[in-house]
Each structure stands twice: as structure tokens, then as C-alpha cells.
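Here is a short briefing on one protein chain. Look through the sequence and the model first, then read the points by topic.

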Amino acid sequence: MDRSPARLNLEHLKKQAKELIRLYRRQAPEAYARFRQALPAAAGRSDAQIVALDLRLHDAQSCVARDLGFASWPDLRRYVEAQLPPGKSKADRVRR
């Protein structure tokens with residue numbers, strides 16, 4: 001997957017977060033590992049402890065954002081929304 005910030009698509013990122021929370025609810029080990037790596041609340045916890053956190057979609061969104069180097073989902077969303085669409089001027093981007 002191309003994780004270049006210049007090629008991020010907010011709809012695709014939302015789908016990634018939804019898929020991650022689905023995997024978590026199915027108790028998939030790869031979801032636990034991903035949360036453990038990217039989510040501070042899950043760092044250093046066992047699978048059972050991560051299950052007990054009762055993580056939600058916003059936690060998965062935070063995980064996706066942190067995987068891409070952003071501090072939070074809102075930071076990632078603002079970055080994606082502020083990207084200069086083709087044919088738009090810098091002034092248009094500043095207004096957004």
C-alpha cells in the first residue's frame with residue numbers, strides 16, 4: 001500500500017478503520033498487534049487486556065492515523081482535506 005501523504009484518500013482511510021475494528025471484534029491477532037503497536041492505551045498489553053479495553057471506531061481511526069505518522073485522526077483528516085486538488089490555487093487551499 002502506498003502510504004505517501006500526498007496520495008491519501010479520506011474515504012479509503014475510513015474503510016481501513018472500519019475493517020480494523022471489525023477484525024478486533026472478531027478477535028483477530030493481527031488487529032491486537034496493530035493496536036498494540038500504534039495505540040498508546042494498548043501498548044504493552046496482552047490480547048486479553050486489549051479485548052477488555054472495549055475499543056471503538058474512534059480508536060481504530062486513531063490507530064490508522066498513527067500508522068501514517070499523524071498524532072490523531074482529526075490531524076490526518078485536516079491534512080487530507082487541505083491537500084491541493086488538481087487545478088486549484090494555493091489561495092483556494094488556504095480558504096479550505
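Among contacts between residues at least 6 apart in sequence, 49% join residues at least 24 apart. The model is predicted. The protein has 6 helices and 0 strands. Of its 96 residues, 31% are buried.

**Overall layout**
- From the N terminus on, the order of elements is α-α-α-α-α-α.

**The nonpolar core**
- The largest nonpolar core holds 26 residues. Those with the most contacts inside the core are Leu 8, Leu 13, Tyr 24, Phe 35, Leu 55, Leu 68 and Leu 76.
- Helices H1 (10–25), H2 (29–38), H4 (57–67) and H5 (73–82) each give two or more residues to this core.
- H1 supplies the largest share, with 7 residues.
- As a general background, nonpolar side chains tend to be buried together in soluble globular proteins.

**Two core residues in detail**
- Leu 8 sits in the segment before H1. Its relative accessible area is 16%, which is under the 20% cut-off, so Leu 8 counts as buried.
- Beyond its neighbours within four places in sequence, Leu 8 is in contact with Leu 13, Leu 68, Phe 70, Leu 76, Tyr 79 and Val 80.
- One of these partners, Leu 76, lies 68 residues from Leu 8 in sequence. In space, the two are 9.2 Å apart, C-alpha to C-alpha.
- Leu 55 has its own set of partners outside the four-place window: Ile 21, Tyr 24, Phe 35, Leu 39 and Ile 50.

**Helix H4 and its cover**
- The buried residues of H4 are Asp 59, Ala 60, Gln 61, Ser 62, Cys 63, Val 64 and Ala 65.
- H1, H2 and H5 are among the elements that cover these buried residues.
- Just after H4 comes Gly 69, with a positive phi of about 95 degrees.

**How H1 meets H4**
- The axes of H1 and H4 come within 8 Å and cross at roughly 120 degrees.
- What does that angle make the pair, oblique or roughly perpendicular? The range for roughly perpendicular is 65 to 115 degrees, and the angle is roughly 120, so H1 and H4 are oblique to each other.
- The crossing of H1 and H4 is right-handed.
- On the H1 side, the contact is made by Leu 13, Gln 16, Ala 17, Lys 18, Leu 20 and Ile 21. On the H4 side, Leu 57, Ala 60, Gln 61, Cys 63 and Val 64 take part.
- By type, the residues of this contact divide into 8 nonpolar, 2 polar and 1 charged.

**Positive phi outside glycine**
- Most residues other than glycine have a negative phi. Two exceptions follow.
- Gln 27 has a positive phi near 65 degrees. Gln 27 lies in the loop between H1 and H2. Its relative accessibility is 53%, over the 50% cut-off, so Gln 27 is exposed.
- Asp 54 is not a glycine either, yet has a positive phi of about 50 degrees. Asp 54 belongs to the loop between helix H3 (47–52) and H4. With a relative accessible area of 43%, Asp 54 is partly exposed.

Technical notes:
Residues are numbered from 1 along each chain as its sequence is written. This is a predicted model: local features need pLDDT of at least 70, side-chain atom pairs count only at pLDDT 80 or more; totals for chains, interfaces and linings use all residues. Side-chain values use heavy atoms; hydrogens and water are left out. A nonpolar core is a set of buried Ala, Val, Leu, Ile, Met, Phe, Trp, Tyr and Cys residues joined through side-chain atoms within 4.5 Å. Buried means under 20% relative accessible area, exposed over 50%, partly exposed in between (1.4 Å probe, protein chains only). Helices (H or I, at least four residues) and strands (E, at least two) are DSSP runs, numbered from the N terminus. Contact means heavy atoms within 4.5 Å. Axes are lines fitted to C-alpha atoms, for helices over the stretch in contact, and angles run from 0 to 180 degrees between N-to-C directions. Angles under 35 degrees count as roughly parallel, over 145 as roughly antiparallel, 65 to 115 as roughly perpendicular and the rest as oblique. A crossing is left-handed if the near helix is turned anticlockwise from the far one by less than a right angle, and right-handed if clockwise. Ala, Val, Leu, Ile, Met, Phe, Trp, Tyr, Cys and Pro count as nonpolar, Asp, Glu, Lys and Arg as charged, and the others, Gly among them, as polar.
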